[in-house]
Amino acid sequence: MRRPLIAGNWKLHCGPSEARKLALEIRNGLMGRRDAVDVLLCPPCVSLAAVGEIVQGSGIALGAQNVFWETSGAWTGEVAAPMLVDAGCGWVILGHSERRQHFGESNASVARRLRAALAAGLECIVCVGETLEERESGATERVVTTQVREGLDALDAGDWARVTLAYEPVWAIGTGRTATPEQAQEVHALLRDLVGQRAGAGVAQQTRIQYGGSVKPANAATLLGQADVDGALVGGASLDASAFLAIVEAAAVTPA
Ligand code: PEP
């Protein structure tokens, strides 16, 4: 049985004061729901400490939105994995499509970040997903397969316990367009199969695969009800405490 993971990716929103307020609303609203669902908040780096203080002792996990692969040195503007751990993070998001699209991140750089994050003891969400053009040209399977093969290259069986995949069709992120539950399930099943080929059927059954792309309270239950959908990576709706809490609630009551 895989516990659903609902993660809020706050992107470039919420400096420390706003972040503290939003985290407090989420923490207070979550009472009693953490027994069934894992909840993770990923604010911008400057707000990690503020959110960390609010979620401390609540069971809500804290994560960053990216990490660099070196541990120290002359890398202006970068943040290292041991620094995230020191700042109270247990998690990091890697390979988000906005990083791939706007900052030139590749499968190879995702692989380096992933190795560094795992070495520092972080749990990782690795995002994969196709563009609209790729979907329309029938390339979805090839694209996500390559992203998994190249981005999750060289993981050993033990590493997989700290890796969550997120299927995030690029055309559904921040657009209000959502994959249908059937479209999501089809790719999630393919991803589980790929994990099985690489790490064995037992690991594949344990590995969580989140869906991300315009998840809202109104569509969460049908997406989360799919057999291979083990949670959601939520962008826009995670900035509204009541919407985010409603998605957590949907995950708590929806049998996959
Ligand atoms: C995301 O940022 O990963 C995301 C899925 O965003 P949104 O929910 O806004 O589509």
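This is a dialogue about reading a predicted model of one protein chain.

Trainee: Where do I start? How many helices and strands does the protein chain have?

Mentor: Start with the elements, then ask about overall shape. This protein chain has 11 helices and eight strands. Its radius of gyration is 17 Å, close to the 18 Å that the globule rule gives for 256 residues, so the chain is as compact as a globular protein of that length. Along the principal axes, the C-alpha trace spans about 45 × 45 × 35 Å.

Trainee: And what share of the 256 residues is buried?

Mentor: Buried residues make up 53% of them. You can also look at who touches whom. Take the contacts with a separation of 6 or more: 73% of those come from residues 24 or more positions apart. On the outside, the chain exposes about 11,000 Å², and carbon and sulfur atoms supply 52% of that area.

Trainee: What about charges? How many positive and negative side chains are there?

Mentor: Count each set, then compare where their centres fall. Here you have 22 positive and 28 negative side chains, and the two centres lie 2 Å apart.

Trainee: Now the inside. Which residues touch the most other members of the largest nonpolar core?

Mentor: That core holds 69 residues, and I6 and L191 are the ones touching the most other members. Helix α11 (residues 241-253) gives the largest share of this core, eight residues. Apart from it lies another core, of 10 residues, which includes L40, W91, I93 and I125.

Trainee: Let's zoom in on one helix. Is α2 mostly covered or mostly uncovered?

Mentor: Go residue by residue, then ask what does the covering. In α2, six of the eight residues are buried, so this helix is mostly covered. The buried ones are L48, A50, V51, G52, I54 and V55. Their cover includes α1 (16-29), β2, β3 (61-64) and α3 (81-86).

Trainee: Where does E53 fit in, and why does it count as exposed?

Mentor: E53 is in helix α2 too. Its relative accessible area is 56%, and exposed means over 50%, so E53 counts as exposed. You can also place E53 against a residue elsewhere in the chain: S214 is 161 residues away along the chain, and the two C-alpha atoms are separated by 29 Å.

Trainee: What sits at the two ends of α2?

Mentor: Ahead of the helix is S47, in the loop between β2 (38-42) and α2 (48-55). S47 is buried, with a relative accessible area of 0%. Leaving aside neighbours within four places in sequence, S47 is in contact with C14, G15, P16 and A19. On the other side, α2 is followed by G57, whose phi is positive, near 80 degrees.

Trainee: Why would I pay attention to the sign of phi?

Mentor: Because most residues other than glycine have a negative phi. Now look at the loop between β1 (5-9) and α1, where K11 is found. K11 is not a glycine, yet its phi is positive, about 50 degrees. C14 lies in the loop between β1 and α1 as well. C14 also has a positive phi, about 80 degrees, without being a glycine.

Trainee: Are K11 and C14 buried or exposed?

Mentor: Check each value against the cut-off of 20%. K11 has 19% relative accessibility, which is under 20%, so K11 counts as buried. C14 is buried as well, with a relative accessible area of 10%. Remember that C14 is one of the residues S47 is in contact with.

Trainee: Can we try another loop residue? Which residues does A179 touch?

Mentor: First place it: A179 is in the loop between β6 (163-167) and α8 (181-199). At 3% relative accessibility, A179 counts as buried. Not counting residues up to four places away in sequence, A179 touches P169, W171, A172, A184, Y211 and L223. Y211 is 32 residues from A179 in sequence, while their C-alpha atoms are 9.1 Å apart in space.

Trainee: And within α8, how does D193 count?

Mentor: D193 lies in helix α8. Its relative accessibility is 46%, so D193 counts as partly exposed. For a pair to trace across the model, try D193 and L12: they are 181 residues apart in sequence and 34 Å apart in space, C-alpha to C-alpha.

How values were computed: Residues are numbered from 1 along each chain as its sequence is written. This is a predicted model: local features need pLDDT of at least 70, side-chain atom pairs count only at pLDDT 80 or more; totals for chains, interfaces and linings use all residues. Side-chain values use heavy atoms; hydrogens and water are left out. Helices (H or I, at least four residues) and strands (E, at least two) are DSSP runs, numbered from the N terminus. Buried means under 20% relative accessible area, exposed over 50%, partly exposed in between (1.4 Å probe, protein chains only). Contact means heavy atoms within 4.5 Å. The radius of gyration is taken over C-alpha atoms; the globule rule is 2.2 Å times the number of residues to the power 0.38. Accessible areas come from the Shrake-Rupley method with a 1.4 Å probe; for residues, only the protein chains shown count as cover. Lys and Arg count as positive and Asp and Glu as negative; His and the chain ends are not counted. The place of a charge is taken as NZ of Lys, CZ of Arg, CG of Asp or CD of Glu. A nonpolar core is a set of buried Ala, Val, Leu, Ile, Met, Phe, Trp, Tyr and Cys residues joined through side-chain atoms within 4.5 Å.
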